[in-house]
Amino acid sequence: MTSHEQLMKQCIILARKGCGNVSPNPLVGCIIIKNGKIIGKGYHKKYGEAHAEVNAINDAMKNGYEVEGADVYVNLEPCSHKGKTNPCSELLIKKKVSKVIIGMKDPYEKVNGRGIKKLKESGIEVVTGILEEECKELNKFFIKFVNVQLPYVTLKIAQSIDGKIALNNYKSQWITGEASRKYVHQMRSEYDAVMIGKNTAMTDNPSLTVRDNKGRNPFRIIIDKDNSLPDNLKLFTDKNKDRTFIITDKLIEEGNTKKRNTIICKKNKNGLIDIKDLLKKLYKMNIASVMIEGGANIFSQFIEYNLFDDAYFFIAPKIIGKGISAFCDYEINDLAKAGELKIVSTKMYGNDMLIYSINKSETKL
């Protein structure tokens with residue numbers, strides 16, 4: 001790696017500290033170098049609070065350094081517009097930094113090169129495209145959110161080696177092992193929301209919270225067209241019940257005793273909740289990322305309408321035989337129409353194998 005790449009890698013590591021806390025804003029880390037020495041570090045810690053560049057400058061000043069003439073490394077183009085905070089590009093100009101090294105251009109229409117232009121026009125040297133692909137991967141949720149105006153969708157599938165996510169009676173706890181489950185809890189802390197269907201809620205009575213790792217709990221979204229789930233489920237009784245949303249296709253009748261957060265979505269031609277409409281509603285709620293955790297009917301719909309971005313397959317070395325497969329409600333009559341994934345990586349978690357794949361097809365809107 002070049003020195004630019006090494007420092008950009010550190011920016012990415014710093015930025016990840018904000019996972020789960022800055023959405024729908026991007027993850028950003030910043031490092032300031034002067035006379036070959038790191039004098040300040042910072043990252044965007046929480047939505048609505050100071051950006052990475054501000055925190056890095058404050059860190060340098062706290063350490064007794066002036067940033068005039070320094071080089072600034074940041075994984076995303078400094079913002080050029082006033083939102084909840086002042087423009088970072090103007091701050092860097094005011095502080096008279098010498099050079100700004102940027103991982104990737106900001107895709108948000110209110111920035112999108114304007115920050116770079118401002119810096120250059122002020123006489124600051126700008127270098128772009130350092131570890132660009134890594135920077136895009138870091139902020140894949142944000143990129144889709146601002147470019148497509150939909151949340152990033154991940155399918156999380158825990159299955160046996162013969163492709164079953166549950167027994168025929170829908171029991172699925174636990175197919176995969178403790179190490180896999182711990183990693184899933186980490187994933188939950190990084191996504192804005194997790195989603196399941198009515199059958200999964202009834203059969204597993206899950207909490208869908210972060211327990212084996214530190215981090216904030218996601219919103220819990222349950223597709224229950226008729227809003228008929230019982231009140232005694234953990235989703236409606238635990239301390240996070242206010243973060244549970246029911247997806248239904250009808251207004252709740254006056255006098256209904258079920259005091260639940262509801263999102264009203266239209267039905268598709270099959271009489272089911274329209275997944276496209278649901279994702280648009282979640283976007284309007286500033287939910288930038290959703291992890292789908294089951295069951296088979298919901299997995300099948302996201303495949304059928306091609307509305308997912310990637311998939312995590314946790315495969316346990318168990319043979320179930322007759323049971324429920326992840327996509328048993330999805331059917332094609334021509335192999336040429338099969339959904340196609342690109343395998344990106346594999347990794348072992350205890351005795352389980354994780355296969356991480358991305359969707360090779362474009363999202364259908």
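**Strands, helices and ring contacts in a predicted model**

Strand β8 (residues 193-197) and strand β9 (residues 219-223) pair in the parallel sense over 5 bridges; strands pair if DSSP finds at least two bridges between them. Helices (H or I, at least four residues) and strands (E, at least two) are DSSP runs, numbered from the N terminus. This is a predicted model, in which local features need pLDDT of at least 70 and side-chain atom pairs count only at pLDDT 80 or more, while totals for chains, interfaces and linings use all residues. Residues are numbered from 1 along each chain as its sequence is written, and side-chain values use heavy atoms, with hydrogens and water left out.

Stay with β8. Within its pairing to β9, I196 has I222 as its bridge partner. Helix α8 (residues 198-204) joins these two strands in a right-handed β-α-β unit; right-handed means that, with the strands pointing away from the viewer, the path from the first strand over the helix to the second runs clockwise. β8 also pairs with strand β12 (residues 289-292), again in the parallel sense, over 3 bridges. There, A193 has V290 in β12 as its bridge partner.

Is β8 mostly covered or mostly open? The strand is mostly covered, with 5 of its 5 residues buried (buried is under 20% relative accessible area, exposed over 50%, partly exposed in between; 1.4 Å probe, protein chains only). A193, M195 and G197 point one way from β8, and V194 and I196 point the other way. The residues on both of these sides are buried.

The next element to look at is helix α7 (residues 178-190). Its 13 residues, at 1.5 Å a residue, should span 18 Å, and the end C-alpha atoms are 19 Å apart, which agrees; the expected span is 1.5 Å times one less than the number of residues. Which residues of α7 are buried? They are S180, Y183, V184, H185, M187, R188 and S189. The buried residues of α7 pack against several strands, among them β8, β12, β13 and β16 (352-359). The list also includes β6 (152-160) and β15 (341-349).

One residue of this helix, Y183, leads to the aromatic rings. The model has 9 aromatic pairs (ring centres of Phe, Tyr or Trp, its six-membered ring, within 6.5 Å; planes under 30 degrees apart are stacked, over 60 edge-to-face, the rest tilted). One of them is the tilted pair of Y183 and F314, at 6.2 Å centre to centre with 55° between the planes. Y183 is in α7 and F314 is in strand β13 (residues 310-316), so the pair ties together parts that are 131 residues apart in sequence. Both rings belong to buried residues, Y183 and F314. Elsewhere, F141, Y152 and Y191 form one aromatic cluster.

Rings also meet charged side chains. R181 lies over the face of W174, at 4.5 Å from the ring centre (NZ of Lys or CZ of Arg within 6 Å of the ring centre and within 35 degrees of the ring normal). In a second case, the charged end of R260 sits over the ring of F236, 3.9 Å from its centre.

From F314 the path continues into β16. F314 stands opposite L354 in β16, and 6 bridges join β13 to β16, which run antiparallel. β16 is mostly covered, with 6 of its 8 residues buried. Strand β15 pairs with β16 in the antiparallel sense over 8 bridges, and L341 has N359 as its bridge partner in β16. β15 and β16 form a hairpin with 2 residues between them, and G350 in the turn has a positive phi of about 60°.

Y349 belongs to strand β15. It counts as buried, at 13% relative accessibility. Which residues does Y349 touch, leaving aside those up to four places away in sequence? They are A179, S180, Y183 and L354, where contact means heavy atoms within 4.5 Å. The C-alpha atoms of Y349 and T176 are separated by 9.4 Å, although these residues are 173 residues apart along the chain.

Two other regions remain. In helix α2 (residues 52-62), the buried residues are A52, E53, N55, A56, I57, D59 and A60. They pack against β1 (29-34), β2 (37-43), β3 (71-76) and α3 (88-94). Just after α2, G64 takes a positive phi of about 90°. N240 lies in the loop between α9 (234-237) and β10 (244-248). This loop residue, N240, is buried, with a relative accessible area of 15%. Not counting residues up to four places away in sequence, N240 touches T209, N217 and R220.
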